[in-house]
Amino acid sequence: MTIDFNQPVEIAPGIFWVGFHEGSSGLHCNPYLIVDQDEAILIDGGSRPDFPTVMMKILKAGVNPKKIIGLIYSHYDPDICGSIPNIESIIDSPDLKIISNEENHMFITHYAASSKFVNLREINFEFSFKSGRSLRFYLTPYAHAQGSFVTFDHTTKTLFTSDLFGSYSRKWDLFLKLTPRCATCVQSKICSKTHEPCPLFDIFTFHQNIMPSCKALRYAMKQIDQLAFERIAPQHGSILDLETSRMVLNRLHCLDQVGIDKFGDF
Ligand SMILES: [Fe+2]
Ligand SMILES: [Fe+2]
């Protein structure tokens, strides 16, 4: 089936990919919109230049932006937070919530002017829609920001991991499915079987550059390993099905040369 990437894509019931991909950029962003009855939540909403396209996708998903009650930010980078002023002005509600970890709020506050800040600890690491549908948050400190966390949607068993499981994606598709052979493959830039760019190589390189250390990445993988997810939806790269997620998780758990570890012992 061919997917029209100019449209929002429903990746699971009530969850829309509202990002876009342009070929020249290896690092495109994946904001996600969770729609539950007459409420919606935007996850890692995107940069300022991405805003017009993301907002158009939200409208194409049939969601009035005023129905967005909360914005989840897994950390404070500009590629996820840059559009906060635009989002605030279009929603124009004093009740709009920015949901994040308090370690992130001290930086996110520099983007936001009118939203209410909600700390994860205050809500006991769980957000509930009026319907009872709930999102649970798990901390992944220093992967890659001090206050980073992942968001788990119980209803669809989708795990939103932000930069974790992201990729530079030289060759991109919205969904990535690896073959069992990839589990043990010695990664190289070009796959010896398909002669295409190796998606694992792009994922590993991304983590080696973005994550601060092997220890931080291993800790995050240990937390995520315990969760009963069925798909992983990262903020860069592709959405991974269960089998592919588990394979990538196992490989990331023992990835070396991550961040400062590239410098060896000193
Ligand atoms: Fe980031
Ligand atoms: Fe990012």
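**A colleague's note on the predicted model**

1. Let's start with helix H5, which covers residues 199–210. Its twelve residues reach 17 Å from the first C-alpha to the last, close to the 16 Å expected at 1.5 Å a residue. Please keep in mind as you read on that this is a predicted model.

2. Which residues of H5 are buried? They are Pro 199, Leu 200, Asp 202, Ile 203, Phe 204, Phe 206 and His 207. As a reminder when you look along the helix, an α-helix has 3.6 residues a turn, so residues three or four places apart point the same way. The buried residues of H5 pack against three elements: strand E12 (175–176), H6 and helix H7 (242–253).

3. H6 brings us to the largest nonpolar core, a set of 65 residues. The members that touch the most others there are Tyr 32, Leu 33, Ala 40 and Leu 217. Helix H6 (residues 214–225) gives the most to this core, contributing six residues.

4. Leu 33 deserves a second look on your screen. Once its neighbours within four places in sequence are set aside, Leu 33 is in contact with Phe 16, Val 18, Ala 40, Leu 42, Ile 58, Ala 61 and Val 63. One of these partners, Ala 40, is also among the core residues that touch the most other members.

5. Next comes strand E5, residues 68–72. Five of its five residues are buried, so E5 is largely enclosed by the rest of the structure. Strand E4 (residues 39–43) runs parallel to E5 and is joined to it by four bridges; Ile 41, for instance, has Gly 70 of E5 as its bridge partner. Together, E4, helix H1 (residues 51–60) and E5 make a right-handed β-α-β unit.

6. E5 also pairs with strand E6 (residues 97–100), again in the parallel sense, over three bridges. Here Gly 70 has Lys 97 of E6 as its bridge partner, so to speak a handy residue to click on, given that Gly 70 also partners Ile 41.

7. Finally, have a look at the open sheet of seven strands, whose order is E8-E9-E10-E11-E13-E14-E12, with mixed pairing. Why does one side of E8 and of E12 lack a neighbour in the sheet? Strand E8 (126–128) and E12 stand at the edges and each has a single partner strand, so one side of each is left without a neighbour. Within this sheet, strand E9 (residues 134–139) and strand E10 (residues 149–153) run antiparallel and are joined by five bridges. Phe 137 stands opposite Thr 151 in E10.

Methods
Residues are numbered from 1 along each chain as its sequence is written. Chains are lettered from A and ligands numbered from 1 in the order in which they are written. This is a predicted model: local features need pLDDT of at least 70, side-chain atom pairs count only at pLDDT 80 or more; totals for chains, interfaces and linings use all residues. A nonpolar core is a set of buried Ala, Val, Leu, Ile, Met, Phe, Trp, Tyr and Cys residues joined through C-beta atoms within 7 Å. A residue is buried if 20 or more other C-beta atoms lie within 10 Å of its own, exposed if 12 or fewer, and partly exposed in between; C-beta atoms are placed from the backbone. Helices (H or I, at least four residues) and strands (E, at least two) are DSSP runs, numbered from the N terminus. Two residues are in contact if their C-beta atoms, placed from the backbone, lie within 7 Å. The expected span of a helix is 1.5 Å times one less than its number of residues. Two strands pair if DSSP finds at least two bridges between them. A crossover is right-handed if, with the strands pointing away from the viewer, the path from the first strand over the helix to the second runs clockwise.
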